[in-house]
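User: I am new to this structure and would like to understand the terms used for it. Please set each value against its definition as we go.

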2 protein chains.
Amino acid sequence: MAKSTEARKKLSKKDYEARVPELRQQLIQLQVQLKQAPFPVLLMIAGVEATGKGEVINTINGWLDPRGVEVFAFHPPTDEERARPYMWRYWRCLPPRGRLGIYAGSWNTEALREAAQPDADPGVFRHALKRIAQFEHLLVADGVLVVKCWLHLSKAAQGERLKALEANPRTAWRVTPEDWKSHRAYERLDDFGQELRKATHREGAAWHVIDGDDARARNVAVTEALLNAFAAHLPVQAKLPRPSRPKTITPLCPEGLEKLQQLKLPKKLSAAAYEEKRDKWLGRLNQLVRRAAVHQRSMVFVFEGWDAAGKGGAIRRLTSAIDARDCRVVPIAKPTDEEKAHHYLWRFWRHVPRAGTVTIFDRSWYGRVLVERIEGFAREDEWQRAYTELKEFEHQLTEGGVIVVKFWLHISKAEQLLRFRHREQTEYKRHKINDEDWRNRRKWAHYETAVGDMLMLSRSSEAPWHWVPAENKRYARLQVLKLSCKQIEAALEKD
Amino acid sequence: MAKSTEARKKLSKKDYEARVPELRQQLIQLQVQLKQAPFPVLLMIAGVEATGKGEVINTINGWLDPRGVEVFAFHPPTDEERARPYMWRYWRCLPPRGRLGIYAGSWNTEALREAAQPDADPGVFRHALKRIAQFEHLLVADGVLVVKCWLHLSKAAQGERLKALEANPRTAWRVTPEDWKSHRAYERLDDFGQELRKATHREGAAWHVIDGDDARARNVAVTEALLNAFAAHLPVQAKLPRPSRPKTITPLCPEGLEKLQQLKLPKKLSAAAYEEKRDKWLGRLNQLVRRAAVHQRSMVFVFEGWDAAGKGGAIRRLTSAIDARDCRVVPIAKPTDEEKAHHYLWRFWRHVPRAGTVTIFDRSWYGRVLVERIEGFAREDEWQRAYTELKEFEHQLTEGGVIVVKFWLHISKAEQLLRFRHREQTEYKRHKINDEDWRNRRKWAHYETAVGDMLMLSRSSEAPWHWVPAENKRYARLQVLKLSCKQIEAALEKD
């Protein structure tokens, strides 16, 4: 299960003091190397009470250059955190590439705390473990180094430690009734700890069980765990091939491409018929969004589609039914440098709406399996993995009460040409077309394949793709309104 | 006072519909131009109840390209906001350069809401107005365009509007008892509004009083106010000279330079004497920081000083007295591109600590009057203005309960050379020295002048500068601990 239970002898003060300067120098060396490395390091200090987790953190933090390290502690969730899906608060607390985060408490702590409640449902704990395993897997797959230390102490040793702390007037304040409570529940908590370690142990995020009995040996063991893991991780990451542009785009799921090419593209809808129906759906959507807000549900809309397929226009009609004060449109273009320094999903987690509000993404996380696949911004293993990661991301949103509505706006290649030309010829539309649009157009076949794969491989019943024929703008806008209403209605009915 | 009370006639539906396409096109044009502009635009919609502020926002928002605009609404402050100085929540909601923010409510709304409370202190309102005027002045001086619309309605017209809304079953829900309450208090609220507009009207942040009686005329007037202000603002901003590197650095306050050069630099302190005193002060600091946390006070430490003056070492000793879980070290280097897209103080407001926690800045906002002055990253008017701006920033922190402790670590030029050489010759210190350090060293005289000016011109009793002779590292570290204790103690005593 866990890497090894490192049963250590006591370390004399003399031996410790002889050892520390070298460890400190190695830590600084680690930070210097990390600064240039393409990944962050997460050092997590977990374990039973009274093993000196805080002490270990303060000691190692004091040995490090404070400029490259951040300590994360988790207080009870703030209201901004409670108003969003469960993992949002942890995504906020991830160090960027090149930096070290030390976790005094983490997603694990919260899961254990909940499991220890008297009326806790074991199913909830198992679910939490699954979520943690997925989260850490996501990070590890991205190259993040996660070093997890579990500080262990026998029940007897823990009791002695608590008594000793209480006996000393300078440390007595640190022992709370909670500590004694967790001491009495030692066996039960120990079981949860074992279950947690078993469920979340993996390469790149291994658990190091460390005896917390001797403070000096403990400090050394934690430091060594970090140093060794880093020394093993760095060369592996450095050797990873850089992504490169693929020569051909081979469909993973040819059925998607086929379906896409066969999609019927209705051409006609009279202005009168459109306006009547539009107003009906707009009214209905407005009511639904307000009803959702009352129920503290939030919404995420995703618009993907060909250039000039009419995403902007469809978004505009959609927002006209929603109070602008509760709605935000997030255009996804090149990531900022802060975004580039994090996992590719970080920039989307940032914008996950607060309960009762709406966020519309104009292009989205699906760029990972479209432009990043085609232009070679992501390695093949990276974008292939993304189908699962994106599904999991959306699952976490829906589980957190977010209604996720996704559209693919489809037009033919001929129609795109007409629209590009029209944009070039229309004064106030000229800013909407540039060289890149023409470049992307030349890669139509590549995109078509990638889109087909995306639509098939990221299917889910929770957050289905709506294929919207957009050859006729009115028809497409109406479809967007109608499909939005239907999906929101169905989601609210389940409440 | 306000630019003009634009008393408008009613606008017929026909005239309105003839006008709208042109306005929309101009708005899109504005957004296209804004995208490349070096400033953001803030459009604020304020005014009395039932003038259709929400309608105007939804209408204009619908006319704009949703990709370049964000609507900000302010709900009651969240606990993350309440745990920080008053203006923090508004600094979070500023659009970056090139984008438009529409404010449904703002810092003004909150001030008016508080003023309208039955037991409100008029002094508090006046203070809020002063703070708003300073905030907007800060933005305007940075080139931000602030367009403020006050929608006006007579008491009689307001009563009729509320009745009409109530009579229609589709809009009745929008009228709350609060609305009728504010209708009864019309005169009083109107006085507050006038006082607000008078106190916060200025070039670049002018109030446009707009009659809210006719919805169509109102929409047009708000749009025109925005378009006209932008048309006037853009060429002025485009013509501003780019900052350039100054040839000479002339002291603004020669006394500072003199004092700096005369600062006594004690050389000796035995290791034994140091360690004894250090432990005493560390213990005291630890207790003080915990006491501050109990009182929900937070702390900001600022470390400025020559390269190799020992900032890192001093910070390390300081953090060793503070629980790492409540303490964050923020190194200030080049701003990220998100930071560059905002006011220069934005990146510091981001890191203002939550009540009860500590943030240590390793270099700080004083870069504005040091490196930015010397390297010509800021224009002369910009860095000269900064002395006042920085003082005001720190005033807002202290007013919000933050204890601001500032250090200038001083060494001689000869000592710096010794330390640079030592760094070059010591394997594990080599990463701490680079070409830029040597380049900065050649500008010693320039920096000396700028530092002298900084220390004198940003003096304040709330957040005093501590001049720390750092020729002897032990002495400097001890001073930092001691001065920190004294200042925190004094601040807590006032509670």
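The turns below take up burial, the interface and salt bridges.

Analyst: A word on the basis comes before the questions: this is a predicted model, in which local features need pLDDT of at least 70 and side-chain atom pairs count only at pLDDT 80 or more, while totals for chains, interfaces and linings use all residues. Residues are numbered from 1 along each chain as its sequence is written, chains are lettered from A in the order in which they are written, and side-chain values use heavy atoms, with hydrogens and water left out.

User: What makes up chain A, in helices and strands?

Analyst: Chain A has 21 helices and eleven strands, where a helix is a DSSP run of H or I of at least four residues and a strand a run of E of at least two, numbered from the N terminus. Its C-alpha atoms fill a box of roughly 85 × 50 × 40 Å along the principal axes, and 56% of its 495 residues count as buried.

User: Why is A:Phe377 called exposed?

Analyst: The definition calls a residue buried under 20% relative accessible area, exposed over 50% and partly exposed in between, using a 1.4 Å probe and protein chains only. A:Phe377 has a relative accessible area of 51%, and therefore it is exposed. This residue is placed in the loop between helix 16 (371-374) and helix 17 (380-399) of chain A. Contact means heavy atoms within 4.5 Å, and, leaving aside neighbours within four places in sequence, A:Phe377 is in contact with A:Pro243, A:Val371 and A:Glu372.

User: How is the size of the interface between chain B and chain A given, and which residues of chain B supply the most?

Analyst: The size of an interface is often given as the accessible area lost when the parts come together. Buried area is that loss, found with a 1.4 Å probe and summed over both parts. For chain B and chain A it is about 4200 Å², with 49% of it on carbon and sulfur atoms. B:Arg67, B:Arg316 and B:Arg325 supply 16% of the area that chain B buries against chain A, more than any other three residues. The contact takes 47 residues from each of chain B and chain A.

User: Why does the pair B:Arg92 and A:Glu80 count as a salt bridge, and how exposed is each residue?

Analyst: A salt bridge needs a side-chain nitrogen of Lys or Arg within 4 Å of a carboxyl oxygen of Asp or Glu. The side chains of B:Arg92 and A:Glu80 meet at 2.9 Å, N to O, so the pair fits that rule. This pair crosses between chains, from B:Arg92 in the loop between helix 4 (88-91) and strand 4 (100-104) of chain B to A:Glu80 in helix 3 (residues 79-82) of chain A. B:Arg92, at 34%, counts as partly exposed, whereas A:Glu80, at 7%, is buried. Across this interface the rule finds eight salt bridges; one of them joins B:Arg328 and A:Glu70 at 2.6 Å, N to O.

User: What separates A:Arg419 and A:Glu415 along the helix, and are they buried or exposed?

Analyst: Because they are four residues apart in helix 18 (residues 413-425) of chain A, A:Arg419 and A:Glu415 are separated by about one helical turn. Their salt bridge has its closest N and O atoms 2.8 Å apart. A:Arg419 has a relative accessible area of 8% and is therefore buried, and A:Glu415, with 10%, is buried too. Elsewhere, salt bridges that share partners join A:Arg379, A:Asp381, A:Glu382, A:Arg385 and A:Glu389 into one network.

Methods
Buried area is the accessible area (1.4 Å probe) that two parts lose on being put together, summed over both.
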